[in-house]
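Welcome! Please take a moment to look over the sequence and the model before reading on.

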Amino acid sequence: MSASSPPAWLFDVSDRVQIELTGADRAKFLHNFCSNDIKKLQPGQGCEAFVTNIKGKIVGHIFVFSEAESLWLESVPGSAATLIPHLDRFIIREDVQLHDRSAEFAELLLVGERSTELLEKWLPGLAELPTCGHLANGSNALPIRSARRVDWFESPTWLLLIPVADRDRVEQTLTQAGCTIGDSNRFHALRIAAGFPLFGIDITEDNLAQEVSRTELAISFTKGCYLGQEPIARIDAMGHVNRILCRLKLATDLAPPPGTEVFDKVPPDGKSIGSITSSVSGAETLCLAYLRSAFAKPGSSVIIGSTDAAVL
């Protein structure tokens, strides 16, 4: 981040979903229906995971935060309509309750090299948290439900869960401390530059878990059985998927729209090897795209339209 950049960008992501799981069996239950190890989480810890179906395809991309009496699932806008029915259908005798808390809480995303330093004014010890670690309860000066370290982008990234009534107060406190409010274009520019995908844009229910380039962060291969585990383990044994999500840097100022095909050579001689899911132009023109695995090695050159692009 340059000297002229703000100490932190602040984005309103209050439309993202918050689902609370309560009940004595909550950890064991969720463990059986997502790709990461939920049972090992202690209060204050968290993880990234995929909720998958029996074919190993993605039903949801979630972030799980463990508290003393509950688990919180955080995901993209609108995902409660899929995730809650999907999970609820498997509750038989388990002591598990699913609560959609999305309307009760706002959420701000704070990102930037100085974001941790800034938050520590109100939340001492924040810098010691690992990825997906979180601190519950703020202060009168910063009335938040929890601060969650997610590091989605290329600098420290925090999700602040806030009671709806306190949202404006928290935003005012942070902007007075030097944060700059960012718009949707800035948000997508930062996430595409960091290769962070969004379900519904870069991820769909047609994607296998390992295609999304989040395997090391979101999939445990030692946790035991769960819904979708067999095809995911089979892919791991094979060593690769047929396509994978990549970042591309284009030699043009014009960002191609989602759905644009990627070729190995300039058409008509070239063959289609993938398609773009997200793109942004600015100082650089960057894309997220699914490419056939043979062309996904960093440093490879591909073609979009008649323009060269490099795999990052």
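Here is a short tour of some aromatic rings and two single residues.

Please keep in mind that this is a predicted model.

**Aromatic pairs**

How many aromatic pairs are there? The count comes to nine aromatic pairs. One of them joins Phe11 and Phe187, whose rings meet edge-to-face, with 5.7 Å from centre to centre and 75° between the planes. Phe11 belongs to strand E1 (residues 9–12) and Phe187 to helix H5 (residues 184–194), so this pair ties together parts that are 176 residues apart in sequence. Are these two rings buried or exposed? Phe11 has a relative accessibility of 3% and therefore counts as buried. Phe187, at 10% relative accessibility, counts as buried too.

Another pair is formed by Trp72 and Phe105, again edge-to-face, with 5.5 Å between the centres and 85° between the planes. This pair links distant parts of the chain: Trp72 is in strand E5 (residues 71–75) and Phe105 is in strand E7 (residues 105–111), 33 residues apart. Trp72 and Phe105 are both buried.

Ring pairs also build a cluster, made of Phe11, Phe63, Trp152, Phe153, Phe187 and Phe196.

**Charges over rings**

Two rings have a charged side chain over them, as the table shows.

| Charged residue | Ring | Distance from ring centre |
|---|---|---|
| Lys223 | Tyr226 | 4.5 Å |
| Arg243 | Tyr290 | 5.1 Å |

**A look at His134**

Now for a single residue. His134 sits in strand E8 (residues 134–136). Why does His134 count as buried? Its relative accessibility is 6%, and buried means under 20%, so His134 falls in that class. The side chain of His134 reaches the backbone oxygen of Ser66 at 3.0 Å. Ser66 also appears among the contacts of His134 beyond four places in sequence, together with Gly44, Gln45, Phe65, Glu67, Leu129, Ala147 and Arg148.

**A look at Val59**

Val59 is part of strand E4 (residues 58–66). With a relative accessible area of 8%, Val59 is buried. Which residues does Val59 touch, leaving out those up to four places away in sequence? They are Val51, Thr52, Asn53, Thr82, Leu83, His86, Phe199 and Glu205. If you would like a distance to try in the viewer, take the C-alpha atoms of Val59 and Pro156: they are separated by 27 Å, and the two residues are 97 residues apart along the chain.

Notes:
Residues numbered from 1 in each chain as written. Predicted model: local features only at pLDDT ≥ 70, side-chain atom pairs only at ≥ 80, totals over all residues. Heavy atoms only, no water. Helix = DSSP H or I, 4+ residues; strand = E, 2+ residues; numbered from the N terminus. Buried < 20%, exposed > 50% of the residue type's maximum accessible area, 1.4 Å probe, protein only. Polar contact = N/O pair within 3.5 Å; in protein donor to acceptor, adjacent residues only side chain to side chain. Contact = heavy atoms within 4.5 Å. Phe/Tyr/Trp six-rings, centres within 6.5 Å; stacked < 30°, edge-to-face > 60°. Lys NZ or Arg CZ within 6 Å of the ring centre and 35° of its normal.
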